[in-house]
Structures are given as C-alpha cells and as structure tokens.
Amino acid sequence: MNKDTLKRLYGLEITDVQKSTVGAGSDTYFISCQQGRYVVKFPSVSEINNPDFEPALCKFLLSKGIAVSEFLKNINGQYISADENGRKFHVQKFIDGKVYPLNTAPKWLLRESATLLGKIHTALTGYPSLPEGIGQNFFACMTPETALKSYENTLETARQNQDVQVQEDLLYRIELMKRLPAFHFDMDSLTCRNTHGDYFISQLICGEQKINAVIDWTTACVHPVVWEIIRSYVYASPKCREGEMDIPEFLDYVSCYLEYAPLNRVDIQMLPYLFYYQLAVCDYYNQYYQSNAANRGIYLHQAVFSTKLMKWFEKNLELLSEELSARFIK
C-alpha cells in the first residue's frame with residue numbers, strides 16, 4: 001500500500017499502517033491519520049467479487065437502518081480507486097468493535113445474527129437485483145461428475161504434499177460423489193434474494209451485546225436465503241465446532257430470522273438438502289492449494305470443517321428436514 005497514493009487521492013496524512021491478518025484473498029490495511037482511522041481494502045480478483053457494487057449497496061443499507069461500512073470518495077468523486085499498479089481499492093471508515101472467532105458466538109450473538117440477516121433480506125428487497133450466486137448456473141456447472149474430477153486431481157496434489165488428513169477427506173468425498181442422491185432444486189420455488197453472499201461470524205463487528213456493523217459486502221449477490229441462514233449458523237455456534245449441528249438450537253435460529261423475513265414451504269423443506277449439496281460439490285481443498293495468501297490456512301480449516309459437516313448431514317438429513325417441517329410448516 002502506497003501512502004503517497006492515499007494522500008494524493010484522499011488527502012490522508014497517514015501516521016500508522018497495520019495489515020490485517022484476518023481473512024484470505026484480499027489485502028486489508030488499518031490506517032491511522034490526523035483525520036481519524038480508516039480501512040483500506042484491495043479486494044481479490046475473482047468472479048464472485050464485485051467491489052464496484054459495494055459502496056452504493058452499503059449506502060442503501062445505511063439508509064434502511066442497517067449498520068454497514070461507510071466509504072470515502074476520492075478527489076474524483078469516486079468510491080473505487082486504483083493504485084500505481086492498477087489494483088482496485090477503496091477506503092472506508094474504521095468501525096470499532098470485536099470480531100468473534102469461528103464457532104464462539106455467545107447466545108446473544110446467535111440471536112442477533114439471525115435477526116439481522118432477516119432485516120437485511122427484507123431491506124434488500126427494495127434494491128436492484130445483484131449478480132447471481134447460487135442459481136441455475138451453479139447447479140449446471142457444479143455437478144457430482146465435475147466435483148469428482150476435481151477431487152481426484154486435488155488428491156494427487158495432497159499426495160505430493162504428503163497431507164494425510166486431506167487425502168482421507170478427499171477419498172471420502174470421492175466415494176460420496178459416486179453415490180450422491182440426484183437432488184433437484186427448483187430455483188423458481190425457492191426464495192432467492194439479494195444478500196451479503198458471505199454472511200457469517202467473521203463479518204460481524206460486535207460491541208457489548210450488540211452487532212455494531214456487518215462488513216465486507218464484496219461478494220453480495222442473489223442466493224437462496226436459506227443457504228445463508230444455515231451457513232451463518234454453523235460457523236457461529238460453539239455447538240457446531242466439530243461439525244455436528246444442534247437441531248433445537250438451529251430451529252431457534254431460524255425462528256429469530258422469521259421474525260423479520262418470510263420463508264415458504266419449499267425453503268423449509270429444501271434447506272438442509274441445498275446446504276448439503278453445496279458442501280458436497282465444492283472443492284475447498286483445491287482452493288487451499290491454489291491460494292498464495294499468507295494465511296491460506298483459513299481455506300484448509302473451511303475444507304476440513306465442511307467435510308465434518310457433510311458426514312453429519314449424510315446421517316441426519318432426514319431428521320433435520322422432519323424437525324424443520326414439524327416446527328415451521330403449518
């Protein structure tokens with residue numbers, strides 16, 4: 001990060017710079033200057049990242065009472081800038097608070113997380129449609145057949161690196177792809193809305209018994225809302241730390257969401273199957289091996305955790321579906 005670039009484009013006289021060690025892919029810096037504290041972020045180049053959309057989206061959410069990042073305009077009146085190498089970046093106001101590690105959410109945060117997600121989905125019904133996330137194209141491309149090939153290739157990499165645990169996980173996934181049920185998801189029947197795209201505990205800046213803000217809207221898109229509900233829960237709850245869900249607690253999580261946003265019958269019925277399928281066909285291990293990020297171990301944790309979840313879902317899909325239907329379908 002070039003201090004002269006920030007002075008030229010934003011008039012910021014930087015006195016201190018610290019690089020974030022949280023997250024992978026993007027480069028994020030916390031800067032201090034006479035004007036205050038700010039965050040400078042260089043989003044990673046990816047087909048799922050849309051940094052150009054983020055400032056306007058956050059401005060809209062702020063107008064709806066949702067606490068999110070506030071972005072600074074540069075001297076040209078634009079939110080997105082480029083450094084001397086052409087890398088896109090933006091500057092936002094620093095938000096004070098605490099970020100809880102994965103699977104350490106206290107009870108109040110679990111409630112607030114679900115509640116806030118419902119408020120976000122309701123607020124974003126009034127926003128123009130964002131790019132497609134998990135939709136028809138996802139299911140056309142991410143099939144058991146393509147996943148199988150990916151896992152077989154990644155297994156060779158794991159063997160070359162002598163990663164024994166990764167090899168075991170990939171062998172399980174390879175066998176699963178050969179017997180994965182032929183799930184069908186009717187995207188026209190599922191509630192698909194504008195959403196954060198990566199809503200989970202690491203994106204929540206927390207104060208005392210409250211969420212101060214939701215950050216990092218770079219991957220905002222249109223997803224089936226139930227995917228974001230269950231994903232945010234499993235990464236937050238301490239009871240899910242070893243990849244096993246607590247069904248009663250999750251049902252309470254869904255109840256908190258439903259206070260602010262609706263779900264239909266198909267959403268409730270397909271919720272566990274959709275999440276299970278997405279976990280099954282996504283090769284997070286390849287993402288880990290392909291990454292050059294200093295803290296790419298985050299990807300490995302996500303991969304190992306997702307495999308543990310898959311094993312739980314394989315045994316408990318029907319039970320979770322039955323419990324959801326009994327509680328929420330009248």
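Trainee: Which helices each supply at least two residues of the lining of the largest cavity?

Mentor: α7, α9 and α11 do. Helices here are DSSP runs of H or I, at least four residues; strands are E, at least two; both are numbered from the N terminus. A lining residue has an atom within 4 Å of a cavity point, and a cavity is a set of points on a 1 Å grid over the protein atoms alone where a 1.4 Å probe fits but cannot get out.

Trainee: What am I working with?

Mentor: A predicted model: local features need pLDDT of at least 70, side-chain atom pairs count only at pLDDT 80 or more, and totals for chains, interfaces and linings use all residues. Residues are numbered from 1 along each chain as its sequence is written, and side-chain values use heavy atoms, with hydrogens and water left out.

Trainee: How many cavities of 30 Å³ or more turn up in the whole structure?

Mentor: One. The volume of the largest cavity is about 50 Å³.

Trainee: What lines the largest cavity?

Mentor: From α7's side of the list, Trp 227 and Arg 231 are among them. The lining also includes Phe 275, Gln 278, Leu 279, Gln 302, Ser 306 and Leu 309. Tyr 235 and Tyr 284 line the cavity too. By class, six are nonpolar, three polar and one charged.

Trainee: Why is α7 largely enclosed by the rest of the structure?

Mentor: α7 spans residues 225-234, and 10 of the 10 are buried, so the helix is largely enclosed. Buried means under 20% relative accessible area (1.4 Å probe, protein chains only). Glu 228 and Arg 231 are among those buried residues.

Trainee: What covers them?

Mentor: The cover includes helices α3 (107-123), α8 (247-258), α9 (265-281) and α11 (297-328). Strands β6 (192-195) and β9 (221-224) are also part of the cover.

Trainee: New topic. What is the strand order in the open sheet of five strands?

Mentor: β1-β2-β3-β5-β4, with antiparallel pairing. β1 (14-19) and β4 (81-82) are at the edges with a single partner strand each, so one side of each has no neighbour in the sheet.

Trainee: How many bridges join β2 and β3?

Mentor: Seven, between residues 27-33 and residues 36-42. Pairing takes at least two DSSP bridges. Tyr 29 has Val 40 in β3 as its bridge partner.

Trainee: Last one. Is Thr 143 buried or exposed?

Mentor: Buried, because its relative accessibility is 17%. Thr 143 sits in the loop between α4 (136-141) and α5 (144-160).

Trainee: What is Thr 143 in contact with, leaving aside neighbours within four places in sequence?

Mentor: Tyr 277 and Val 281. Contact means heavy atoms within 4.5 Å.

Definitions and conventions:
Buried means under 20% relative accessible area, exposed over 50%, partly exposed in between (1.4 Å probe, protein chains only). On a 1 Å grid over the protein atoms alone, a cavity is a set of points where a 1.4 Å probe fits but cannot get out, and a pocket is an open set with protein on both sides within 12 Å along at least five of seven lines; lining residues have an atom within 4 Å of a point. Grid points are joined across faces, edges and corners, and a volume is the space filled by probe spheres set on the points. Ala, Val, Leu, Ile, Met, Phe, Trp, Tyr, Cys and Pro count as nonpolar, Asp, Glu, Lys and Arg as charged, and the others, Gly among them, as polar.
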